[in-house]
Amino acid sequence: MIDLISDTATRPSPEMRRAMAEAPVGDEQLREDPTVNRLQEMVAELTGKEAALFLPSGTMCNAIGIKVHTNPGDKIVLERWAHPYTSEAGGPGLLAGVMTALIEGERGVFTPEQVEEAVQPQGGFHSAPATLLCLENTHNRGGGKVWPLETFQAVAETAHRLGMKVHLDGARLLNAVVASGIPAKVWSQYVDTVWIDLSKGLGCPIGAVLAGDRETMDRARRYKHMFGGAMRQAGIIAAAGVYALEHNVERLAEDHANAKLLAAGLSEIPGIAINPAEVETNIVFFDVSGTGRSPQELYHGLIERGVRMGSPTATRWRAVTHLDVSRADIERAVEVMEAVVTGRG
Ligand SMILES: *Cc1c(COP(=O)(O)O)cnc(C)c1O
C-alpha cells in the first residue's frame, strides 16, 4: 500500500528499531532514564529553551501547554482550524477548563489585528481574561503552510503585549524549519512553550517533546503525571526520537519535493482542483468534486489499486508525504488516481 493518508503512517526502520533495542534505560518518572534525559536535552537545545519534557503524544503537549499557561475560566485564542479546537476531543475544555476565541485565518495564518480583535475587551470583570495565544507551524489544515516569520513574530509580540503567553503547536515545526531554512530556535524565541512531534514526519512510533523555561516545565511535569503521561523505562521509545533527530530531519526536504511532485501530477488530472503553488511542505489538499465521481467511489478505487489518500466521505482531500513513500510511489499514486478518475486502466 502506498499510504498517503498521513505522515503518522511511517513504521520504525530497522536502524531505528536497533537503536530502541539497545537504548540504556531507567525509571523515567524518577528522571533516571538516560535516553529520555538525552532526548529532552536535544530538544531543549534545538528550540533554545531551558528544559524539555518527553510526552506520549502531541495531543498531550497541547493539553499541558494550554494547562500551564491558563486558569479555569480563562479564554485561549486560536485559529479556527487549529488542532486543539478541531481534533482534541474537547480537551482544552475538560483538562484546562478554558473557553476558546477563534480567529478565521488564511490557511492558518492571521494578523496581529485579528489577535487584538479576538481578545477584546481585555480587562474588566465582564469578560474572560484571554491568557494564551496558540500558534501552529506548519499549519496542518492550512495545507502544511509555513508562517511568514515577520507575521509569526508580530502576532506573538502582540499577544505578549496584551499580557498573554504564546504556545506553539510544532507538530511539524521541523518541516517548517527545513522548508524555510529558519532554525527551530528562531521560531521558538517568540513563544513561551513549543513542541515537536516525533511520530509524524520524523518516523518514530510514538512520542512528542514539549519545551519551555525551567519553571514552566517543572509545572508541566506535574500535569504530565496527573494526565497519566509519566512513564517508566521510556528510553526504549525515546531512543527512536534521538535516532530521528540525528537522521530524519534533513531528509524532510525529500517529502516536500514529493508533495510538490504529487501536486503537479494531480493538477493534470481532469476534475481535480488544486493549486500546486500552495504546497510548501509535506501536505497536499485538493478537491475532487469536479471529477464526476463520488468520494467513496474514488477512495475505494484507489484502495483496490494499492493507494490510500483522502476520505470516502468528503470532497476536500488531503494527501501527506513521508519517509515511507518514495518518488516512484508518488509517480505511481498519480497514475492510479488518473486511472480511477478517468475510468481507464
Ligand atoms: C498530529 C497533530 C497533533 C497531535 O499529535 P498526536 O501526536 O497525534 O497526538 C497536534 N497538532 C497538529 C498540528 C497535528 O498535526
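## Around the ligand and in the pockets

Guide: Let's start at Gly58, where a polar backbone atom sits 2.8 Å from an oxygen atom of the ligand. Bear in mind that this is a predicted model, where local features need pLDDT of at least 70, side-chain atom pairs need 80 or more, and totals for chains, interfaces and linings use all residues. Residues are numbered from 1 along each chain as its sequence is written, and side-chain values use heavy atoms, leaving out hydrogens and water.

Visitor: Why is the pair at Gly58 called a polar contact?

Guide: The term covers a pair of N or O atoms within 3.5 Å. The Gly58 pair is at 2.8 Å, so it counts. Asp169 puts a side-chain N or O atom 2.6 Å from a nitrogen atom of the ligand, so that pair counts too. A polar side-chain atom of Asp197 is 2.8 Å from a ligand oxygen atom, and therefore also fits.

Visitor: How much of the ligand does the protein cover?

Guide: On its own the ligand has 380 Å² of accessible area (Shrake-Rupley, 1.4 Å probe), and the protein covers 87% of that.

Visitor: Which residues around the ligand come nearest, and what puts a residue in that group?

Guide: A residue gets in if one of its heavy atoms lies within 4 Å of the ligand. There are 15 around the ligand, with Gly58, Thr59, Asp169, Asp197 and Lys200 nearest. Helix H3 (58–69) and strand E7 (193–197) each supply at least two shell residues, and H3 gives the largest share, 3 residues.

Visitor: What makes the shell's class count come out as it does?

Guide: Asp, Glu, Lys and Arg count as charged, and Gly is among the polar ones. The shell has 2 nonpolar, 7 polar and 6 charged residues.

Visitor: What makes something a pocket here, and what is the volume of the largest pocket?

Guide: On a 1 Å grid with a 1.4 Å probe, a pocket is an open set of points with protein on both sides within 12 Å along at least five of seven lines; lining residues have an atom within 4 Å of a point. The largest pocket has a volume of about 510 Å³. Its lining has 28 residues, and Asn140, Arg141, Phe285, Arg316 and Arg318 are closest to the centre. Domain 1 (12–247) and domain 2 (251–342) each give that lining at least three residues.

Visitor: Which residues are closest to the centre of the second largest pocket?

Guide: That pocket holds about 260 Å³ of space. Of its 13 lining residues, Gln40, Ala51, Ala52, Arg214 and Arg221 are closest to the centre.

Definitions and conventions
Polar contact = N/O pair within 3.5 Å; in protein donor to acceptor, adjacent residues only side chain to side chain. Helix = DSSP H or I, 4+ residues; strand = E, 2+ residues; numbered from the N terminus. Points joined across faces, edges and corners; volume = space filled by probe spheres on them. Domains from an automatic or database assignment.
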